[in-house]
Amino acid sequence: MIRGVQPTAPSLDVRGVRYAYPDGHLALHGVDLTVARGERVALLGPNGAGKTTLVLHLNGILTATEGSIAVGGLTVGPDRSTLAEIRRRVGIVFQDPDDQLFLPTVAEDVAFGPANLGLRGAELAARVDEALAAVGMSEHRDRAPHHLSFGQRRRVAVATVLAMRPEILVLDEPSSNLDPAARRELAVILRGLPVTLLMVTHDLPYAFELCDRSVILDGGRIVADGPTPEILGDEPLLARHRLELPYPFSPTLPPAPVRE
Ligand SMILES: Nc1ncnc2c1ncn2[C@@H]1O[C@H](COP(=O)(O)OP(=O)(O)OP(=O)(O)O)[C@@H](O)[C@H]1O
(Lines give C-alpha, C1' and ligand atoms only; values in the text may rest on other atoms or scores of the structure.)
Protein backbone atom coordinates (compact mmCIF):
# COMPACT_ATOMS: atom_id res chain seq x y z
CA MET A 1 0.00 0.00 0.00
CA ILE A 2 1.15 3.53 -0.70
CA ARG A 3 2.56 5.31 2.36
CA GLY A 4 0.06 7.62 4.03
CA VAL A 5 -2.63 7.07 1.39
CA GLN A 6 -6.08 6.27 2.76
CA PRO A 7 -7.12 3.12 0.90
CA THR A 8 -10.76 4.15 0.69
CA ALA A 9 -10.10 7.75 -0.45
CA PRO A 10 -10.26 8.48 -4.17
CA SER A 11 -6.92 9.01 -5.88
CA LEU A 12 -8.01 12.49 -6.81
CA ASP A 13 -10.79 14.66 -5.44
CA VAL A 14 -11.14 18.11 -6.99
CA ARG A 15 -13.94 20.19 -5.48
CA GLY A 16 -15.21 23.51 -6.76
CA VAL A 17 -11.82 24.70 -8.00
CA ARG A 18 -11.79 28.23 -9.39
CA TYR A 19 -8.59 29.84 -10.50
CA ALA A 20 -7.82 33.35 -11.73
CA TYR A 21 -4.33 34.14 -13.07
CA PRO A 22 -2.66 37.22 -11.57
CA ASP A 23 -3.80 39.28 -14.59
CA GLY A 24 -7.39 38.48 -13.59
CA HIS A 25 -8.08 35.90 -16.32
CA LEU A 26 -10.46 33.32 -14.84
CA ALA A 27 -9.13 30.00 -16.22
CA LEU A 28 -11.09 27.54 -14.03
CA HIS A 29 -14.73 28.24 -13.18
CA GLY A 30 -15.50 25.68 -10.47
CA VAL A 31 -14.16 22.29 -11.46
CA ASP A 32 -15.34 19.10 -9.72
CA LEU A 33 -13.57 15.86 -10.61
CA THR A 34 -13.25 12.63 -8.66
CA VAL A 35 -10.97 9.87 -9.94
CA ALA A 36 -11.05 6.47 -8.23
CA ARG A 37 -7.89 4.50 -7.53
CA GLY A 38 -6.73 2.64 -10.63
CA GLU A 39 -8.97 4.56 -13.06
CA ARG A 40 -7.52 5.79 -16.35
CA VAL A 41 -9.09 9.09 -17.35
CA ALA A 42 -8.51 11.19 -20.47
CA LEU A 43 -8.74 14.96 -20.01
CA LEU A 44 -9.82 16.40 -23.36
CA GLY A 45 -10.59 19.91 -24.54
CA PRO A 46 -9.65 22.54 -27.08
CA ASN A 47 -6.67 24.87 -26.80
CA GLY A 48 -7.10 27.26 -23.90
CA ALA A 49 -9.71 25.08 -22.14
CA GLY A 50 -7.82 25.10 -18.84
CA LYS A 51 -6.32 21.57 -18.93
CA THR A 52 -2.76 22.64 -18.08
CA THR A 53 -4.05 25.07 -15.46
CA LEU A 54 -5.93 22.22 -13.79
CA VAL A 55 -2.92 19.87 -13.95
CA LEU A 56 -0.68 22.51 -12.37
CA HIS A 57 -3.06 22.57 -9.39
CA LEU A 58 -2.73 18.84 -8.78
CA ASN A 59 0.74 19.08 -7.27
CA GLY A 60 0.47 22.57 -5.88
CA ILE A 61 2.35 24.52 -8.58
CA LEU A 62 -0.78 26.69 -8.75
CA THR A 63 -3.05 27.29 -5.77
CA ALA A 64 -6.81 27.43 -6.25
CA THR A 65 -8.48 30.79 -5.73
CA GLU A 66 -11.45 28.80 -4.36
CA GLY A 67 -12.14 25.11 -3.75
CA SER A 68 -9.95 22.20 -2.69
CA ILE A 69 -7.95 19.28 -4.06
CA ALA A 70 -7.09 16.05 -2.25
CA VAL A 71 -4.80 13.27 -3.42
CA GLY A 72 -5.26 9.91 -1.72
CA GLY A 73 -7.13 11.72 1.05
CA LEU A 74 -4.41 14.35 1.65
CA THR A 75 -5.54 17.90 0.90
CA VAL A 76 -3.12 19.97 -1.17
CA GLY A 77 -1.92 22.70 1.14
CA PRO A 78 0.75 25.36 1.26
CA ASP A 79 2.97 23.98 4.05
CA ARG A 80 6.25 22.45 2.95
CA SER A 81 5.79 18.92 4.27
CA THR A 82 2.30 18.55 2.76
CA LEU A 83 3.50 19.94 -0.55
CA ALA A 84 6.49 17.57 -0.60
CA GLU A 85 4.22 14.58 0.00
CA ILE A 86 1.71 15.79 -2.62
CA ARG A 87 4.53 16.13 -5.17
CA ARG A 88 5.58 12.56 -4.44
CA ARG A 89 2.01 11.34 -4.85
CA VAL A 90 1.31 13.22 -8.09
CA GLY A 91 3.82 12.42 -10.79
CA ILE A 92 3.54 14.73 -13.78
CA VAL A 93 5.19 13.77 -17.07
CA PHE A 94 5.45 16.97 -19.07
CA GLN A 95 5.21 17.09 -22.83
CA ASP A 96 8.93 17.67 -23.41
CA PRO A 97 11.03 14.88 -21.82
CA ASP A 98 14.06 17.16 -21.93
CA ASP A 99 12.43 19.24 -19.18
CA GLN A 100 12.79 16.20 -16.90
CA LEU A 101 16.16 14.71 -17.94
CA PHE A 102 19.30 16.60 -17.00
CA LEU A 103 21.85 14.15 -15.55
CA PRO A 104 24.66 12.28 -17.37
CA THR A 105 22.98 8.86 -17.41
CA VAL A 106 19.48 7.42 -17.56
CA ALA A 107 19.93 5.63 -14.21
CA GLU A 108 21.04 8.85 -12.48
CA ASP A 109 18.01 10.71 -13.81
CA VAL A 110 15.67 7.98 -12.55
CA ALA A 111 17.44 7.88 -9.17
CA PHE A 112 17.24 11.65 -8.68
CA GLY A 113 13.70 11.82 -7.23
CA PRO A 114 13.90 8.87 -4.81
CA ALA A 115 17.40 9.97 -3.70
CA ASN A 116 15.86 13.33 -2.81
CA LEU A 117 13.35 11.42 -0.69
CA GLY A 118 16.33 10.06 1.25
CA LEU A 119 16.57 6.60 -0.31
CA ARG A 120 20.06 5.14 -0.57
CA GLY A 121 21.87 1.91 -1.42
CA ALA A 122 19.92 -1.24 -2.28
CA GLU A 123 16.56 0.46 -1.75
CA LEU A 124 17.40 3.21 -4.22
CA ALA A 125 18.83 0.73 -6.73
CA ALA A 126 15.63 -1.34 -6.50
CA ARG A 127 13.50 1.73 -7.25
CA VAL A 128 15.59 2.53 -10.32
CA ASP A 129 15.51 -1.08 -11.57
CA GLU A 130 11.76 -1.30 -11.05
CA ALA A 131 11.01 1.98 -12.84
CA LEU A 132 13.29 1.26 -15.81
CA ALA A 133 11.88 -2.25 -16.17
CA ALA A 134 8.32 -0.85 -16.14
CA VAL A 135 9.07 1.25 -19.24
CA GLY A 136 11.30 -1.32 -20.97
CA MET A 137 14.46 0.79 -20.66
CA SER A 138 16.64 -1.36 -18.35
CA GLU A 139 19.25 -2.04 -21.01
CA HIS A 140 19.75 1.69 -21.58
CA ARG A 141 20.43 2.56 -17.92
CA ASP A 142 24.04 3.66 -18.47
CA ARG A 143 23.44 5.69 -21.62
CA ALA A 144 23.30 9.46 -21.82
CA PRO A 145 19.67 10.60 -22.15
CA HIS A 146 20.58 12.94 -25.03
CA HIS A 147 21.81 9.93 -27.03
CA LEU A 148 18.38 8.29 -26.90
CA SER A 149 15.55 8.70 -29.39
CA PHE A 150 12.67 11.02 -28.50
CA GLY A 151 10.43 8.03 -27.80
CA GLN A 152 13.03 6.48 -25.50
CA ARG A 153 13.50 9.80 -23.70
CA ARG A 154 9.76 10.03 -23.11
CA ARG A 155 9.83 6.52 -21.60
CA VAL A 156 12.71 7.52 -19.31
CA ALA A 157 10.74 10.64 -18.29
CA VAL A 158 7.87 8.32 -17.29
CA ALA A 159 10.38 6.20 -15.31
CA THR A 160 11.67 9.24 -13.39
CA VAL A 161 8.13 9.75 -12.13
CA LEU A 162 7.37 6.05 -11.52
CA ALA A 163 10.49 5.80 -9.35
CA MET A 164 8.63 7.99 -6.83
CA ARG A 165 5.85 5.34 -6.69
CA PRO A 166 3.17 7.97 -7.29
CA GLU A 167 -0.47 7.60 -6.35
CA ILE A 168 -1.46 9.24 -9.62
CA LEU A 169 0.42 9.56 -12.90
CA VAL A 170 -0.45 12.64 -14.95
CA LEU A 171 0.66 12.68 -18.57
CA ASP A 172 0.63 15.79 -20.73
CA GLU A 173 0.21 14.81 -24.39
CA PRO A 174 2.09 11.50 -24.07
CA SER A 175 1.69 10.56 -27.76
CA SER A 176 2.94 13.86 -29.20
CA ASN A 177 5.98 13.63 -31.52
CA LEU A 178 6.07 9.82 -31.38
CA ASP A 179 6.23 7.71 -34.53
CA PRO A 180 3.46 5.10 -34.86
CA ALA A 181 5.54 2.26 -33.39
CA ALA A 182 6.76 4.34 -30.42
CA ARG A 183 3.20 5.58 -29.87
CA ARG A 184 1.91 2.00 -29.78
CA GLU A 185 4.76 0.76 -27.54
CA LEU A 186 4.10 3.55 -25.04
CA ALA A 187 0.39 2.69 -25.00
CA VAL A 188 1.21 -0.93 -24.12
CA ILE A 189 3.49 0.28 -21.29
CA LEU A 190 0.93 2.74 -19.92
CA ARG A 191 -1.84 0.17 -19.98
CA GLY A 192 0.27 -2.18 -17.89
CA LEU A 193 1.06 0.30 -15.11
CA PRO A 194 -0.77 -0.30 -11.81
CA VAL A 195 -1.44 3.40 -11.16
CA THR A 196 -4.25 5.89 -11.46
CA LEU A 197 -3.74 7.69 -14.74
CA LEU A 198 -4.87 11.13 -15.87
CA MET A 199 -3.90 11.84 -19.45
CA VAL A 200 -4.23 15.23 -21.13
CA THR A 201 -4.45 14.67 -24.86
CA HIS A 202 -5.65 16.01 -28.20
CA ASP A 203 -5.11 12.48 -29.62
CA LEU A 204 -8.64 11.11 -29.31
CA PRO A 205 -7.82 7.59 -30.58
CA TYR A 206 -5.14 7.41 -27.87
CA ALA A 207 -7.78 8.33 -25.28
CA PHE A 208 -9.93 5.52 -26.63
CA GLU A 209 -7.10 3.00 -26.52
CA LEU A 210 -6.01 3.84 -22.99
CA CYS A 211 -8.83 5.37 -20.97
CA ASP A 212 -12.22 3.92 -20.04
CA ARG A 213 -13.40 7.37 -19.01
CA SER A 214 -13.07 10.76 -20.67
CA VAL A 215 -13.71 14.23 -19.35
CA ILE A 216 -14.07 17.29 -21.58
CA LEU A 217 -12.97 20.62 -20.16
CA ASP A 218 -13.91 23.77 -22.07
CA GLY A 219 -13.88 27.39 -20.98
CA GLY A 220 -12.63 26.33 -17.55
CA ARG A 221 -15.63 24.05 -16.93
CA ILE A 222 -16.17 20.31 -17.16
CA VAL A 223 -18.78 19.97 -19.89
CA ALA A 224 -18.84 16.17 -20.29
CA ASP A 225 -17.72 13.18 -18.25
CA GLY A 226 -18.46 9.60 -19.19
CA PRO A 227 -17.32 6.34 -20.77
CA THR A 228 -14.84 7.12 -23.55
CA PRO A 229 -16.78 5.22 -26.27
CA GLU A 230 -19.87 7.33 -25.50
CA ILE A 231 -17.98 10.62 -25.42
CA LEU A 232 -16.09 9.92 -28.64
CA GLY A 233 -19.21 8.53 -30.30
CA ASP A 234 -21.09 11.80 -29.73
CA GLU A 235 -20.14 13.83 -32.80
CA PRO A 236 -22.21 16.93 -31.97
CA LEU A 237 -20.62 17.03 -28.48
CA LEU A 238 -17.13 16.80 -29.97
CA ALA A 239 -17.91 19.45 -32.58
CA ARG A 240 -19.25 21.85 -29.92
CA HIS A 241 -15.91 21.65 -28.15
CA ARG A 242 -13.62 21.78 -31.19
CA LEU A 243 -12.64 18.12 -30.88
CA GLU A 244 -12.25 15.93 -33.95
CA LEU A 245 -11.54 12.29 -34.57
CA PRO A 246 -9.17 11.69 -37.46
CA TYR A 247 -11.62 9.21 -39.04
CA PRO A 248 -15.21 7.94 -38.63
CA PHE A 249 -15.55 6.38 -35.21
CA SER A 250 -17.50 3.35 -34.12
CA PRO A 251 -17.53 2.51 -30.42
CA THR A 252 -17.82 -1.18 -31.35
CA LEU A 253 -14.89 -0.97 -33.77
CA PRO A 254 -11.90 0.33 -31.84
CA PRO A 255 -9.73 2.77 -33.80
CA ALA A 256 -6.13 1.68 -34.31
CA PRO A 257 -6.20 -1.06 -31.67
CA VAL A 258 -3.11 -1.52 -29.54
CA ARG A 259 -1.29 -4.75 -30.44
CA GLU A 260 0.33 -6.44 -27.44
N1 LIG B 1 0.13 32.81 -17.09
C2 LIG B 1 -1.08 33.10 -17.55
N3 LIG B 1 -1.63 34.30 -17.33
C4 LIG B 1 -2.87 34.60 -17.78
N5 LIG B 1 -3.67 33.73 -18.47
C6 LIG B 1 -3.16 32.52 -18.70
C7 LIG B 1 -1.85 32.13 -18.28
N8 LIG B 1 -1.64 30.84 -18.66
C9 LIG B 1 -2.76 30.44 -19.30
N10 LIG B 1 -3.68 31.45 -19.32
C11 LIG B 1 -5.02 31.40 -19.92
O12 LIG B 1 -5.79 30.44 -19.21
C13 LIG B 1 -6.64 29.72 -20.11
C14 LIG B 1 -6.36 28.24 -19.95
O15 LIG B 1 -5.05 27.96 -20.43
P16 LIG B 1 -4.43 26.49 -20.36
O17 LIG B 1 -3.01 26.61 -20.79
O18 LIG B 1 -4.71 25.91 -19.03
O19 LIG B 1 -5.27 25.72 -21.48
P20 LIG B 1 -5.06 24.27 -22.11
O21 LIG B 1 -6.39 23.61 -22.11
O22 LIG B 1 -3.96 23.56 -21.39
O23 LIG B 1 -4.63 24.61 -23.60
P24 LIG B 1 -3.68 23.81 -24.66
O25 LIG B 1 -4.49 22.66 -25.18
O26 LIG B 1 -3.44 24.85 -25.70
O27 LIG B 1 -2.42 23.40 -23.94
C28 LIG B 1 -6.36 30.27 -21.50
O29 LIG B 1 -7.34 31.23 -21.81
C30 LIG B 1 -5.00 30.93 -21.36
O31 LIG B 1 -4.86 32.01 -22.24
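Here are legends for five close-up views of this predicted model.

**View 1. A hairpin made by strand 1 and strand 2.**
Let's start with strand 1 (residues 12–20) and strand 2 (residues 26–35), which run antiparallel and are joined by seven bridges. Follow strand 1 to Ala-20 and you'll find Leu-26 of strand 2 standing opposite. Five residues sit between the two strands of this hairpin. Look for Gly-24 in the turn, with its positive phi of about 95 degrees.

**View 2. Strand 1 meets strand 4.**
Strand 1 also pairs with strand 4 (residues 66–71), again in the antiparallel sense, this time over five bridges. To get your bearings, find Val-14: its bridge partner in strand 4 is Ile-69.

**View 3. The residues around the ligand.**
Tyr-21, Asp-23, His-25 and Ala-27 are among the residues around the ligand, and so are Gly-45 and Asn-47. The run from Gly-48 through Ala-49, Gly-50, Lys-51 and Thr-52 to Thr-53 belongs to this shell too. Which helix gives the largest share of the shell? That's helix 1 (residues 51–58), with three residues. Sorted by class, the shell has seven polar, three nonpolar and two charged residues.

**View 4. The open sheet and two helices packed on it.**
Six strands line up here in the order 6-7-8-3-9-10, forming an open sheet with mixed pairing. Why do strand 6 (90–93) and strand 10 (221–227) each have one side without a neighbour in the sheet? They stand at the edges with a single partner strand each, so that side is left free of a neighbour in the sheet. From one strand to the next, the twist averages 20 degrees. At one edge, strand 6 pairs with strand 7 (residues 168–172) in the parallel sense over four bridges, and Ile-92 stands opposite Val-170 of strand 7. Helix 1 packs on the sheet, touching strands 3, 6, 7, 8 and 9, and its direction makes about 150 degrees with that of strand 7. Helix 5 (residues 150–162) packs on the sheet as well, touching strand 6 and strand 7. The direction of helix 5 makes about 170 degrees with that of strand 6.

**View 5. Inside the largest nonpolar core.**
This core has 70 residues, and those touching the most other members are Leu-43, Val-110, Ala-159, Val-170, Met-199 and Ala-207. Helix 5 supplies the largest share of the core, six residues. Zoom in on Val-110: leaving aside neighbours within four places in sequence, Val-110 is in contact with Val-128, Ala-131, Leu-132, Val-156, Ala-159, Thr-160 and Ala-163.

Notes:
Residues are numbered from 1 along each chain as its sequence is written. This is a predicted model: local features need pLDDT of at least 70, side-chain atom pairs count only at pLDDT 80 or more; totals for chains, interfaces and linings use all residues. Two strands pair if DSSP finds at least two bridges between them. A residue is near a molecule or strand if its C-beta atom, placed from the backbone, lies within 6 Å of it. Ala, Val, Leu, Ile, Met, Phe, Trp, Tyr, Cys and Pro count as nonpolar, Asp, Glu, Lys and Arg as charged, and the others, Gly among them, as polar. Axes are lines fitted to C-alpha atoms, for helices over the stretch in contact, and angles run from 0 to 180 degrees between N-to-C directions. Two residues are in contact if their C-beta atoms, placed from the backbone, lie within 7 Å. A nonpolar core is a set of buried Ala, Val, Leu, Ile, Met, Phe, Trp, Tyr and Cys residues joined through C-beta atoms within 7 Å. A residue is buried if 20 or more other C-beta atoms lie within 10 Å of its own, exposed if 12 or fewer, and partly exposed in between; C-beta atoms are placed from the backbone.
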